[in-house]
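Please look over this protein chain with me, with attention to how its fold is put together and what its interior holds.

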Amino acid sequence: MTFFDTLETRSPDERAADLARALPEQIARAKTTSGYDGVLDNVDPLTITSVTALADLPVLRKSELSRAQAANPPFGGFTVKPATGFAHVFQSPGPIYEPGGADQDWWRMGRFLHAAGIGQGDVVQNCFGYHLTPAGMIFENGARAVGAAVLPAGTGQTELQVTAAHDVGATAYAGTPDYLKVILDKADSMGVKLKFTKAAVGGGALFPSLRQEYADRGITCLQSYATADLGNIAYESAAMEGMIVDENVIVEIVTPGTGTPVSAGEVGEVVVTTLNPDYPLIRFATGDLSAVLPGQSPCGRTNLRIKGWMGRADQTTKIKGMFVRPEQVAALVEKHDEILKARVVASRDGEMDTMTVRIEASSGNDASYAKSVIEVLKLKGAIEVVAPGTLPKDGLVIEDQRSYD
């Protein structure tokens, strides 16, 4: 077993000490950007030395980033240098603009590719897109970090993909989980034998049946969790037990619509702070759901593990013609000190929408809660007070029980 670097096997004390040095530096960088004007003004970077201290800072949501970019293009003032200081400028749907660097492992994807067994001697057929969006360059940058050659294939023209894979002897695939099967099936129909033995996938769900099909073909397929804004966040190793958090990001799991960390093991929204010095995103809300996986990976890597992608945190739901958002549910909880959690349940009574607000509290007044529901959610609803610990720990704050069949 070899590791990408010594960061992967640090002890908890070593990792905490390194974080206590790196985090204040990153907060200080963020304070120099116009994007954080008025947000971090009263924050002393020297006091933010742990994940616990970090949790006191506000969350940055993609909607806020989008508005900032519209007012101050292209990056909304969140980078430490202008667009001309980067190797690439990308545009993702929205549109959202992201910077990109060509420095060694700028996106931190090399760590994942190394864990997938990709390195010198491999030719990676990179089927992530190269046009406007950054995924293609993210994986190419990672391949360079591990010394692999790259066939910049993108998607489409499947027969040419097969021909190229055969002619250059591609040994590894990078792309979405399902597109590799398209290439393999086309190769079968063409009577062409390919040399793929490794696959590094992302950008979609890797279903167990598909992973097994690749294994049956002699291909080890591992997945990463990355975003255009943040680069690599977490990745699988050969142990295939959860996803190991990258060494240069800090991951928190919070109650959707808030910045409040959930209890260990509970499902919540993934919030990421990156230590990238060029683009210091602090507590950036991904909108994805996951949960912390206890213990340490059998592969020997010691960092925090998460369970992987478990759905979207944006549970915005229209009830009686009005949108109810997770942020509103969070505001309802904050309105009463005795409320621990709340969950809005949308259902039907005949052809009419109904709303029940389930409130975890040891005490309280139903009439007071009903009044707050109208004030905060702008809707009337039935109130159900339940004992602490009753509500499921599944990350849902808005549950839609209506059938649309």
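The questions below deal with the overall fold and then with the interior.

This is a predicted model, in which local features need pLDDT of at least 70, side-chain atom pairs count only at pLDDT 80 or more, and totals for chains, interfaces and linings use all residues. Residues are numbered from 1 along each chain as its sequence is written, and side-chain values use heavy atoms, with hydrogens and water left out.

Q: How does the radius of gyration of the chain compare with the globule rule for 405 residues?
A: The secondary structure comes to 10 helices and 21 strands, counted as DSSP runs (helices H or I, at least four residues; strands E, at least two) and numbered from the N terminus. The globule rule (2.2 Å times the number of residues to the power 0.38, with the radius taken over C-alpha atoms) serves as the reference. The chain is as compact as a globular protein of that length, because the rule gives 22 Å and the radius of gyration is close to this, at 23 Å.

Q: What share of the 405 residues is buried?
A: A residue is called buried when its relative accessible area is under 20% (1.4 Å probe, protein chains only). By that criterion, the buried share of the chain is 50%.

Q: Which residues touch the most other members of the largest nonpolar core?
A: A nonpolar core is a set of buried Ala, Val, Leu, Ile, Met, Phe, Trp, Tyr and Cys residues joined through side-chain atoms within 4.5 Å. The largest one has 34 residues, and those that touch the most other members are Ile27, Ile48, Leu54, Leu57, Phe78 and Val251.
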